[in-house]
Amino acid sequence: MAHNHSHDHTHGANKKALMISFIIITAYMIIEVIGGFLTNSLALLSDAGHMLSDAVSLGVGLMAFKIGEKLASYQKTYGYKRFEILAAVFNGVTLIVIALYIFYEAYHRFMAPPEVASTGMLVIASIGLIVNIVVAWVLMRGDTEENLNLRAAFLHVLGDLLGSVGAVAAALLIMFFGWGWADPLASVIVATLVLVSGWRVTKDAVHVLMEGTPKNVELDDIINTIENTPEIIAIHDLHVWSITSGQNALSCHAVVDGSLSVYESQQLLRTIEHELEHKNIGHVTVQMESEKHPHDDSLFCQHDKESESQRTNADQ
């Protein structure tokens, strides 16, 4: 119960952080887009374009949190919580596309650097930098470590912050040294950072969708914890995955002494659940079996046996 209360509190804090950030970013995004066109600065336009994507990604993130609150149903037995991961994929791919477009525009600017209104560029970029620092601070108060959806939004804003720093630096170089190439160079540096961030978020989100082992779970430790329980002889058909960010689940078959009573079996389950709760597993399903293993072999069990047979043959 305490675990669920903590999760609900974190969820509410994350949603509030996204809402505040969405309002601030959307308000300033309009100013920066107009300013980018008026000053003819690619560094400022790339920052403005990224901020525009931020407004969209924050909106999608908010929608994901809202949809994720919908209760489970017969059609969606896990509810809609994984929509947050889909939002993270969307945001990650958006970051990659934006970065590639900035590279394309910068190439043309290197070939023929245009005139840039450096003073206006400096003013708008400086204000944008302050706005992004405030928004990044707001998002950092949420759970950017565990929640992929919030982390994707945070990386969008962090890319914006770096974009504003690049735009300020480029404006100063143009003002004092007349280096027109500083504008596209700043945009390329920012685009590279944005590309890396987008790739990482997309990769992590796809890992969740593929039901990969959560990064905060040590599988060997989980196996040892269960198998070291005195009443358990062996386990197989083990699967550990994430339902959504911060919500990990486990299922396995446990071979136990057939003489265990119903009460003892329930006590054993509570012990396992308690142990695994401290190892970042919130939802546990254990099917207990006697050594005779009476249930029909599932596809996963067959796979486990084939893998074990292959390992045995390889050892020989």
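A residue counts as buried under 20% relative accessible area, as exposed over 50%, and as partly exposed in between. This tour uses those three words throughout, and the structure on screen is a predicted model.

**Stop 1: Arg82 and Glu211**

Select Glu211, which at 45% relative accessibility falls between the two limits and therefore counts as partly exposed. Add Arg82: the two side chains meet in a salt bridge, at 3.8 Å from N to O. This pair links distant parts of the chain, 129 residues apart. Arg82 sits in the loop between helix H2 (42–68) and helix H3 (83–111), and Glu211 in the loop between helix H6 (182–209) and helix H7 (219–227). Arg82, at 23% relative accessibility, is also partly exposed.

**Stop 2: the other salt bridges**

The structure has three salt bridges. Go next to Lys215 and Asp204, where the closest N and O atoms are 2.7 Å apart. Lys215 is in the loop between H6 and H7 while Asp204 is in helix H6, so this pair ties together parts that are 11 residues apart in sequence. Are these two residues buried or exposed? Lys215 is exposed at 66% relative accessibility, whereas Asp204 is buried at 9%.

Then select Asp221 and Lys279, a salt bridge with its closest N and O atoms 3.1 Å apart. Asp221 belongs to helix H7 and Lys279 to the loop between H8 and S3; the two are 58 residues apart. Asp221 is partly exposed, with a relative accessible area of 34%, and Lys279 is partly exposed, with 22%.

**Stop 3: strand S2 and its neighbours**

Select residues 247–256, which make up strand S2. How many of its residues are buried? The count is 10 of the 10, so the strand is largely enclosed by the rest of the structure. In a regular strand the side chains alternate between the two faces of the sheet. In S2 both faces are covered. Gln247, Ala249, Ser251, His253 and Val255 are buried on one side, and Asn248, Leu250, Cys252, Ala254 and Val256 are buried on the other.

Now add strand S1 (residues 232–244), which runs antiparallel to S2 and is joined to it by nine bridges. To see one of these pairings, select Ala234 together with its bridge partner in S2, Val255. S1 and S2 form a hairpin with two residues between them. In that turn, Gly246 has a positive phi of about 80°.

Add strand S3 (residues 283–289) as well. S3 pairs with S2 in the parallel sense, over seven bridges. For this pairing, select His253 and its bridge partner in S3, Gln287. Finally, show helix H8 (residues 262–277): S2, H8 and S3 together make a right-handed β-α-β unit.

**Stop 4: the nonpolar cores**

Move to the largest nonpolar core, which has 21 residues. Which of them touch the most other members? Select Leu18, Ile25, Val135 and Leu139. The elements that give two or more residues to this core are helix H1 (2–39), H2, helix H4 (118–140) and helix H5 (148–177). H4 gives the most, with six residues.

Keep Ile25 selected and show its contacts. Leaving out residues up to four places away in sequence, Ile25 touches Met51, Asp54, Ala55, Leu58, Asn132 and Val135. There is also a second, separate core of 17 residues, including Ile226, Val256, Leu268 and Ile272. Val256 was seen at the previous stop, among the buried residues of S2.

**Stop 5: Val116**

Select Val116, in the loop between H3 and H4. Val116 counts as buried, at 15% relative accessibility. Add Ala171 and display the C-alpha atoms: those of Val116 and Ala171 are separated by 8.5 Å, although the residues are 55 apart along the chain.

**Stop 6: an aromatic cluster**

End with Phe177, Trp179 and Trp181, which form one aromatic cluster. The structure holds two aromatic pairs. Phe177 and Trp179 are stacked, at 4.8 Å centre to centre with 25° between the planes. Trp179 and Trp181 are also stacked, at 5.2 Å centre to centre with 20° between the planes. With a surface displayed, check each residue in turn: Phe177 is exposed at 53% relative accessibility, Trp179 is partly exposed at 34%, and Trp181 is partly exposed at 40%.

Definitions and conventions. Residues numbered from 1 in each chain as written. Predicted model: local features only at pLDDT ≥ 70, side-chain atom pairs only at ≥ 80, totals over all residues. Heavy atoms only, no water. Buried < 20%, exposed > 50% of the residue type's maximum accessible area, 1.4 Å probe, protein only. Helix = DSSP H or I, 4+ residues; strand = E, 2+ residues; numbered from the N terminus. Pairing = 2+ DSSP bridges. Right-handed = clockwise from strand over helix to strand, strands pointing away. Salt bridge = Lys/Arg side-chain N within 4 Å of Asp/Glu carboxyl O. Core = buried A, V, L, I, M, F, W, Y, C linked by side-chain atoms within 4.5 Å. Contact = heavy atoms within 4.5 Å. Phe/Tyr/Trp six-rings, centres within 6.5 Å; stacked < 30°, edge-to-face > 60°.
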